[in-house]
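Morning, everyone. One chain today, and a quick look at one helix pair in it.

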Amino acid sequence: MTMTASPTDQLTASASILDEHRSRPGLLLALLGHEAMRRLRAAHTAHNLKPRQFQILGLLHDHGGLAQRELMHEMDIDPSILVTLLNPLEAEGWVTRERDPSDRRRHLVTLTRAGERQLVSAARAQTETEAALFASLDDDQRERLRGLLIALRDGLAADPETACAPGEPRG
């Protein structure tokens, strides 16, 4: 005699499958990453920046200016995307783009003083947002999490087979 599962049993089995998958590291990382990006995007938007524009300002600060091609390489983005990110930054007076006098084909992008002030202000907001994100962790837990995330990032970068294939979305 064969017994079929009742709808209640099926629902209980489904719930346990969902509960199990909600606690899996990959899905947890994706869900928490989505929440972190939402909060960081809000902090950057409050400073009239997109997260990638914040990244541009930071790269220019750290490198003292870069050629557009170098920025594309550092950020791993298409030239047309970079231009759409740079145009508003230039319009706000936060970056300048000028032809390289030694190679007229290159455009050099530099951070202005106003851009530096904008970066400092947005970085402060990002720090506050991160503090709120990780408020439930003590200092040791935060440091362990940071180490694990760096190890994961470095492992994915070292093994292209486990990273996104060209043309696949990158979160």
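I'll go through confidence, overall make-up, and then the helix pair.

This is a predicted model, so to speak of local features we need pLDDT of at least 70, and side-chain atom pairs count only at pLDDT 80 or more, while totals for chains, interfaces and linings use all residues. Residues are numbered from 1 along each chain as its sequence is written, and side-chain values use heavy atoms, with hydrogens and water left out.

Confidence. The chain averages a pLDDT of 86 (the predictor's confidence in each residue, from 0 to 100). At least 70 is reached by 81% of the residues. Among the elements, helix α1, residues 7-22, has the lowest mean, 63. Helix α6, residues 113-133, has the highest, 96. Over residues 165-171 the pLDDT is below 50. Where pLDDT is low, the predicted coordinates should not be read in detail.

Make-up. There are seven helices and three strands. These are DSSP runs: helices are H or I, at least four residues, and strands are E, at least two, numbered from the N terminus. The order is α-α-α-β-α-α-β-β-α-α.

Now the pair. How do α4 and α5 cross? Their axes, lines fitted to C-alpha atoms over the stretch in contact, come within 10 Å and cross at roughly 105°, on a scale from 0 to 180 degrees between N-to-C directions. That makes α4 roughly perpendicular to α5 (65 to 115 degrees).

Which residues meet? Q68, L71, M72 and M75 in α4 contact P79, L82, V83, L85 and L86 in α5 (heavy atoms within 4.5 Å).

How values were computed. Angles under 35 degrees count as roughly parallel, over 145 as roughly antiparallel, 65 to 115 as roughly perpendicular and the rest as oblique.
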